[in-house]
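Here is a short note for a colleague who has not looked at this entry before. Please read it with the structure open beside the text.

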Amino acid sequence: MAKDLLVARGLVVAYGRPAGQYTRRRASPVVLHGVDICVGKGETVGIVGESGSGKTTLGRALLGLVRPTAGSVVFDGSDITALDEQARRPLRRRMQMIFQEPMSSLNPRHTIGRILIEPILLHGLASDRAAARALVHGVLDRVGLPRDTVNRYSFELSGGQRQRVGIARAVVLRPDFVLADEIVSGLDVSTQAQVLRLLKQLTGEMHLALAFISHDLSVIRSICQRVVVMREGRVVEEGPCERVFAAPLSAYTRMLIDAIPLPTVDPGWLTRGAAAEVAATA
Amino acid sequence: MSGSRLAVEALSAISLRDGNRPILRRVSLAVDTGEVHGLVGESGAGKSTIARAILGIIPSQVKITGGRIGFEGRDLLTLSPKELRAVLGRDIALVPQDPSTALNPARRIDALMTDGLRLKRGLSMKDARLRAHALLDEVQIRDPERVLGSYPHQLSGGMRQRVLIAAAFGLEPKLVIADEPTTALDVTVQKQILRLIRALQERHGTSVLFVSHDLGAVAKICDRLTVLYMGKVMEQGATAEVLAAPRHPYTRALLAANPRYDRPDTGLEPTPPEVIAALRAEIAAFDVSSEAPPDG
């Protein structure tokens with residue numbers, strides 16, 4: 001069993017504002033109700049759930065982008081729950097994120113070269129621009145983008161290329177942990193296959209721990225070792241993919257798996273489980 | 001074929017904005033009476049252009065350069081806007097992709113649903129409202145009165161899509177164009193919506209053109225399918241046959257790229273370079289042959 005890298009215990013997140021001068025305090029909606037999750041060193045963990053399940057909030061709380069109301073996040077042995085921005089900065093290199101929308105997460109006014117070089121210099125991974133540029137060339141080769149991509153802007157690239165830039169930007173810092181939030185949901189299947197394949201290879205080569213948030217269980221099965229199933233802010237099931245997919249313990253997991261349309265003809269599929277769904281949503 | 005409800009024949013289109021680039025290359029497909037026909041392809045394949053051409057809402061930068069769209073013995077492409085308006089809604093209805101933008105946010109569901117029933121079916125306001133109530137019942141909305149009195153933003157995505165399906169099928173059209181109707185929905189909701197479309201279609205004998213990028217959804221709901229790539233038909237046939245034994249390398253590549261939870265060691269196959277090269281060559285050869293003057 002891999003050593004734990006990131007361990008969250010009892011995470012509670014509630015959004016909303018406390019009462020102000022002109023506002024009455026409203027009951028803030030609780031998005032996470034005490035979530036435990038752990039990601040081992042070099043382990044790939046899928047976080048699956050439907051909209052509103054809290055999977056994105058969980059990811060953001062792990063990275064400290066959302067402050068939990070209760071609970072703790074421990075990264076590589078040290079508690080990072082209450083760290084302020086200043087104290088968190090050295091950790092940022094080690095905990096990276098790949099975003100859902102590469103179009104809105106890459107600054108349209110910066111060249112790809114600038115987007116990749118700046119964090120390298122900021123974190124002191126290269127002594128000068130020339131050395132940083134060499135790192136950028138290396139990572140572009142690795143993610144399968146031509147080196148002259150450095151002179152282009154994000155809007156000149158295709159969706160798949162932009163997502164490769166997103167991956168390059170995260171892994172060039174040699175992080176220990178990467179959070180990927182729905183990074184292939186907008187891509188065509190053939191592009192999705194390439195991006196997922198790349199990510200799978202990189203996590204293996206770099207011994208990178210990955211939390212992979214997705215609504216798509218087939219995608220999770222294809223690249224993750226373990227899966228965490230979320231529903232309405234709680235973990236309903238977790239375990240190795242092999243076991244969860246073969247014999248889910250929770251009826252909700254079973255329903256999620258059964259709802260995936262496989263590209264095979266199965267005349268009974270449409271009507272199967274109709275009663276269970278009605279019962280589950282009632 | 002006499003059973004064809006909709007017959008798209010050799011439909012060609014170019015993009016005026018993009019150097020007259022072809023976007024549809026002599027596409028032919030027939031949707032039979034009472035059939036759900038899948039139109040599958042990746043982005044840019046031209047599936048939406050075909051749907052829009054049928055509905056007469058081709059954007060200004062796209063020009064139809066040839067072919068016809070046969071429906072009830074007429075060519076939809078030759079109809080005047082007035083004639084087309086008489087067909088749309090009444091005989092051909094649309095279930096749009098994004099249920100959140102397809103409904104006017106300033107109008108309540110009852111107003112949105114009764115419009116079509118009054119204008120296309122000639123019902124009185126009172127009868128239209130009763131009918132709308134019954135239609136929402138039919139799409140398994142538990143509290144139709146509450147939904148009728150709601151604004152779109154007060155409903156979930158799945159509920160909105162049910163309302164749109166009820167509105168489309170409620171006009172008892174002969175053909176429903178479903179343009180990626182489940183892409184914005186969660187899987188469990190998607191399954192319910194697919195089930196609903198199939199059930200309504202069977203009950204009313206409606207023909208459905210089901211536009212999708214998802215071979216999985218198509219496999220579960222379509223009788224036959226057409227696979228499109230760069231505006232050209234790659235493969236056509238009964239869903240069971242195409243999926244069990246795809247003949248075109250592109251169809252095989254699409255299936256191989258699809259991750260499957262039941263086969264974790266397959267899927268995620270990148271399209272082999274020789275397949276991409278062969279596809280490009282096929283498209284280029286087609287363009288050359290269709291540009292050649294008839295007698296030269």
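The points below go through the sheets, one strand, one helix, one residue and the chain contact in turn.

1. Status of the model. This is a predicted model, and local features are described only where pLDDT is at least 70. The totals for the interface use all residues.

2. The six-stranded sheet. In chain A, 6 strands form an open sheet with mixed pairing, in the order β6-β7-β8-β3-β9-β10. The edges are β6 (95–98) and β10 (234–240) of chain A; each has a single partner strand, so one side of each is left without a neighbour in the sheet. On average, neighbouring strands of this sheet are turned by 15° against each other, direction ignored. At the β6(A) edge, the link to β7(A) (residues 177–181) is parallel and has 4 bridges. Across this link A:M95 is opposite A:F177.

3. Strand β9(A) in that sheet. β9(A) covers residues 226–231, and 6 of its 6 residues are buried. Cover is found on both faces: A:R226, A:V228 and A:M230 are buried on one side, and A:V227, A:V229 and A:R231 on the other. Two arginines, A:R226 and A:R231, are thus listed among the buried residues. β9(A) runs parallel to β3(A) (residues 44–48), joined by 4 bridges, and A:V227 is the bridge partner of A:G46. With β10(A) the direction is antiparallel, over 6 bridges; here A:R231 is partnered by A:R234. The hairpin of β9(A) and β10(A) has 2 residues between the strands, and A:E232 takes a positive phi near 50° there.

4. The four-stranded sheet. A further open sheet of chain A has 4 strands in the order β2-β1-β4-β5, with antiparallel pairing. β2 (30–40) and β5 (78–79) of chain A are the edge strands, each with a single partner, so one side of each lacks a neighbour in the sheet. Within this sheet β1(A) (residues 4–14) and β4(A) (residues 70–75) pair over 5 bridges, and A:R9 stands opposite A:S72.

5. Helix α5(A). Which residues of α5(A) are buried? They are A:A132, A:V136, A:V139, A:L140 and A:V143. Seen down the helix axis, these fall within an arc of 105°, so they line one face of α5(A). An α-helix has 3.6 residues a turn, so residues three or four places apart point the same way. The face turned away from the buried side carries the exposed residues A:A130, A:A134, A:G138 and A:D141. Cover for the buried residues comes from elements including α4 (112–122), α6 (159–171) and α7 of chain A. The length also agrees with expectation, because 15 residues at 1.5 Å a residue should span 21 Å and the end C-alpha atoms are 21 Å apart. After the helix comes A:G144, with a positive phi near 80°.

6. Residue A:A209. This residue is in strand β8(A) (residues 209–214). A:A209 counts as buried because 23 other C-beta atoms lie within 10 Å. A:A209 and A:T44 are 165 residues apart in sequence, yet their C-alpha atoms are 5.6 Å apart. Residues that A:A209 touches include A:L5, A:V39, A:G42, A:D176 and A:F177.

7. Contact with chain B. 31 residues of chain A are in contact with 35 residues of chain B. On the chain A side, α7 (189–206), α8 (217–223), α10 (251–258) and α11 (274–281) each supply at least two residues. α7(A) gives the most, with 6 residues. By class, this side has 18 nonpolar, 8 polar and 5 charged residues.

Conventions
Residues numbered from 1 in each chain as written. Chains lettered and ligands numbered in written order. Predicted model: local features only at pLDDT ≥ 70, side-chain atom pairs only at ≥ 80, totals over all residues. Pairing = 2+ DSSP bridges. Axes fitted to C-alpha atoms, helices over the stretch in contact; angles between N-to-C directions. Contact = placed C-beta atoms within 7 Å. Nonpolar A, V, L, I, M, F, W, Y, C, P; charged D, E, K, R; others polar. Expected span 1.5 Å × (residues − 1). Buried ≥ 20, exposed ≤ 12 C-beta atoms within 10 Å, placed from the backbone. Arc of directions from axis to C-beta.
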